Amino acid sequence: MRARTLLSITAAAGAAGIGYAALVERNWFALRRYDVPVLPADASPVRVLHISDAHLTPGRRRLQSWIRALDELDPHLVVNTGDSIAHPEAVPYFLEALGPLLSRPGVFVLGSNDIHSPRPKNPARYLWRTSHGEHTRHVPDLPWEKLCEGMTDAGWLDLNNRCGKVSAGGLDIALAGVHDSHMGRDRYQDVAGPADPAAAVRIGVLHSPEPRVLDLFAADGYELLLAGHTHGGQLCLPQLGTLVTNCGIDRERARGLHHHPADGSAWLHVSAGLGTSPYAPVRFACRPEATLLTLVPR
Ligand SMILES: [Fe+2]
């Protein structure tokens with residue numbers, strides 16, 4: 001085969017791959033389901049809907065409708081692990097997408113992308129470096145207060161460096177969360193201490209699954225840890241899976257349900273997220289997702 005022919009075939013395959021990643025997979029939403037054995041022996045199952053990283057912009061109507069339809073799963077609790085918006089005008093669209101979910105018990109933390117608007121970057125650079133330390137902007141330019149207000153006004157609990165308690169599915173659930181460690185806003189000391197032993201289950205909530213923060217939650221007795229941020233790698237290879245995590249978590253636990261520490265007893269669920277930065281609107285072998293976690297007896 002002549003070099004020119006080979007080059008043409010490679011270019012055509014590359015263009016087809018990018019087209020698929022941008023037009024098909026980015027809008028091919030998946031619902032994942034896991035059972036998590038964290039409840040006392042006699043408790044009824046509790047359905048927790050975990051959403052993350054919507055990075056919503058006003059034009060993403062398909063994503064909005066898909067999020068809204070998640071209410072049909074009849075979750076007892078909704079957990080949003082941040083990076084919900086990616087545009088100054090996106091808050092009402094995101095709240096509209098949550099729609100009926102806002103009538104249910106819910107909790108949330110923020111990610112860096114709720115605070116600072118996205119900027120154009122070479123989308124491939126994440127393959128060789130993380131964005132940690134790039135957050136040099138100090139003045140927020142996205143309406144994160146409005147975003148928080150919209151959720152707290154509906155009764156959702158703001159867990160940014162805060163603890164709280166929620167009654168869901170007939171059980172008392174103790175929760176603690178931190179603001180985004182990826183941009184240095186986490187203050188675990190504000191929530192530190194043994195998790196409420198009287199609660200039926202204890203859940204730690206954070207945007208970026210940074211092991212040093214996960215260790216603290218696990219040591220304090222939180223038996224289920226929920227995070228997002230990684231996008232599951234976003235551009236994956238079918239045989240190799242996640243290539244990069246954009247934080248300290250290992251590639252094997254960049255999405256899905258695992259233990260934390262890897263050989264420990266707490267459960268860690270990392271969502272691969274619902275969206276992408278508008279400047280890297282591609283997903284490959286890593287469909288956008290939400291997860292229904294059914295908490296069941298141990
Ligand atoms: Fe994100």
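In which sense do strand β9 and strand β11 pair, and over how many bridges? Select residues 224-227 and residues 266-270: these strands, β9 and β11, pair in the parallel sense over four bridges, where two strands count as paired if DSSP finds at least two bridges between them. Strands here are DSSP runs of E with at least two residues, and helices are runs of H or I with at least four, numbered from the N terminus. Within this pair, L225 stands opposite L268 in β11.

Before going on, note that this is a predicted model, in which local features need pLDDT of at least 70 and side-chain atom pairs count only at pLDDT 80 or more, while totals for chains, interfaces and linings use all residues. Residues are numbered from 1 along each chain as its sequence is written, and side-chain values use heavy atoms, with hydrogens and water left out.

**The sheet around β9 and β11**

Widen the selection to the open sheet of six strands to which they belong, with the order β6-β7-β8-β9-β11-β10 and mixed pairing. Its edge strands are β6 (162-168) and β10 (256-260), each of which pairs on one side only, and the twist from one strand to the next averages 25°. Now add helix α5 (residues 211-219), which packs on this sheet and touches β7 (171-177), β8 (201-205), β9, β10 and β11; contact means heavy atoms within 4.5 Å. The direction of α5 makes about 70° with that of β10, the axes being lines fitted to C-alpha atoms, for helices over the stretch in contact, with angles from 0 to 180 degrees between N-to-C directions.

Follow the chain from β10 into the loop between β10 and β11, where P261 lies; a cis peptide bond joins H260 and P261, with omega about -10°.

**The other sheet**

Next, select the six strands that form an open sheet in the order β1-β12-β2-β3-β4-β5, again with mixed pairing. Because β1 (30-39) and β5 (157-158) stand at the edges with a single partner strand each, one side of each is left without a neighbour in the sheet. β2 and β12 run antiparallel and are joined by five bridges, and L49 has L292 in β12 as its bridge partner. In the loop between β11 and β12 (289-297), stop at A285, which has a positive phi near 55° although it is a residue other than glycine.

**The iron site**

Finally, centre the view on the iron ion, whose protein donors are D53 (OD), H55 (NE2), D83 (OD) and H231 (NE2), at 2.1 to 2.3 Å. Donors are N, O and S atoms within 2.8 Å of the metal (3.2 Å for Na, K and Ca), and since water is not among the atoms, sites may look incomplete. Along the chain, the donors follow the spacing D-x1-H-x27-D-x147-H.

D53 lies in the loop between β2 and α2, and this residue, not a glycine, has a positive phi of about 50°. H55 is also placed in the loop between β2 (46-51) and α2 (61-69). Leaving aside neighbours within four places in sequence, the contacts of H55 include D83, N113, H231 and G275. For a last distance, pick the C-alpha atoms of H55 and L274, which are 7.7 Å apart in space and 219 residues apart in sequence.
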